[in-house]
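Dear colleague,

Please find below the structure that I am passing on to you, followed by an account of what was found in it. I would be grateful if you would read the account with the structure open beside it.

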Amino acid sequence: MNQENLQQGVHLYFYCHLRAKHDGMLLSEWLLEQAKQHGLGGGSVFRAIAGFGRHGVLHEEQFFELADDLPVKVEFLLREDQVELLLQLVRAAGVDATYAYSPASFALLGKH
């Protein structure tokens with residue numbers, strides 16, 4: 001790995017349900033849009049095949065009635081100052097979601 005490009009930052013994860021909404025948008029899309037509007041780099045959304053949260057309700061793909069509300073993870077690789085900005089935006093908006101973060105080392109490969 002090219003150590004010159006290696007950056008220290010944070011891997012920020014938000015957990016919510018597939019159909020969770022905020023301001024009339026899917027919450028996952030709202031989170032991505034907030035990051036994009038504030039120039040916070042890239043983010044990705046991943047859908048789970050099963051999961052349960054703080055309310056203890058199991059959501060699985062195999063059960064048709066619960067498949068529409070599967071858990072999703074929205075994640076970002078950011079600098080610490082960017083994490084603070086995004087979390088401030090989410091808090092100020094009153095978003096109902098769970099988040100976690102961990103230290104991350106990352107770099108860009110190839111031509112940028």
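**H22 and its surroundings**

A polar atom of the H22 side chain lies 3.5 Å from the backbone oxygen of A93. Please note that the model is a predicted one. H22 belongs to strand β2, which covers residues 21-22. With a relative accessibility of 12%, H22 counts as buried, the cut-off being under 20%. Setting aside residues up to four places away in sequence, H22 touches L27, W30, A93, G94 and V95. One of these, G94, comes just after helix α3 and has a positive phi of about 70°.

D23 is placed in the loop between β2 and β3 (25-26). At 64% relative accessibility, D23 is classed as exposed. Its phi is positive as well, at about 50°, although D23 is not a glycine. Most residues other than glycine have a negative phi.

**The sheet**

An open sheet is formed by 4 strands in the order β4-β7-β1-β8, with antiparallel pairing. Its edges are β4 (43-47) and β8 (98-106), each of which pairs on one side only. On average, neighbouring strands of this sheet are turned by 20° against each other, direction ignored.

Strand β1 (residues 7-17) and β8 run antiparallel and are joined by 9 bridges. Within this pairing, G9 stands opposite A104 of β8. Helix α1 (residues 27-37) packs on the sheet, where it touches β1, β4 and β7 (71-78). The direction of α1 makes about 10° with that of β7.

V10 is a residue of strand β1. Its relative accessible area is 5%, and V10 is therefore buried, as the cut-off is under 20%. Although V10 and S102 are 92 residues apart in sequence, their C-alpha atoms are 5.7 Å apart in space. Apart from neighbours within four places in sequence, V10 is in contact with F76, L77, L78, E80, V83, Y101, S102, A104 and F106.

**Helix α3**

Helix α3 (residues 80-93) lies across β1, β7 and β8, and runs at about 25° to β1. The helix has 14 residues, and the distance from its first C-alpha to its last is 20 Å, close to the 20 Å expected at 1.5 Å a residue.

Which residues of α3 are buried? They are Q82, V83, L86, L87 and V90. Seen down the axis of α3, these buried residues fall within an arc of 130°, so they line one face of the helix. An α-helix has 3.6 residues a turn, so residues three or four places apart point the same way. The buried residues of α3 pack against β1, α1, β7 and β8. One of them, V83, is in contact with V10. The face of α3 turned away from the buried side carries R91 and A92, which are exposed.

**Points to view together**

I would suggest viewing three places in turn. The first is the surroundings of H22, where L27, W30, A93, G94 and V95 are touched by its side chain or backbone atoms. The second is the pairing of β1 with β8. The third is the side of α3 that carries Q82, V83, L86, L87 and V90.

With kind regards

Conventions:
Residues numbered from 1 in each chain as written. Predicted model: local features only at pLDDT ≥ 70, side-chain atom pairs only at ≥ 80, totals over all residues. Heavy atoms only, no water. Pairing = 2+ DSSP bridges. Helix = DSSP H or I, 4+ residues; strand = E, 2+ residues; numbered from the N terminus. Axes fitted to C-alpha atoms, helices over the stretch in contact; angles between N-to-C directions. Contact = heavy atoms within 4.5 Å. Expected span 1.5 Å × (residues − 1). Buried < 20%, exposed > 50% of the residue type's maximum accessible area, 1.4 Å probe, protein only. Arc of directions from axis to C-beta. Polar contact = N/O pair within 3.5 Å; in protein donor to acceptor, adjacent residues only side chain to side chain.
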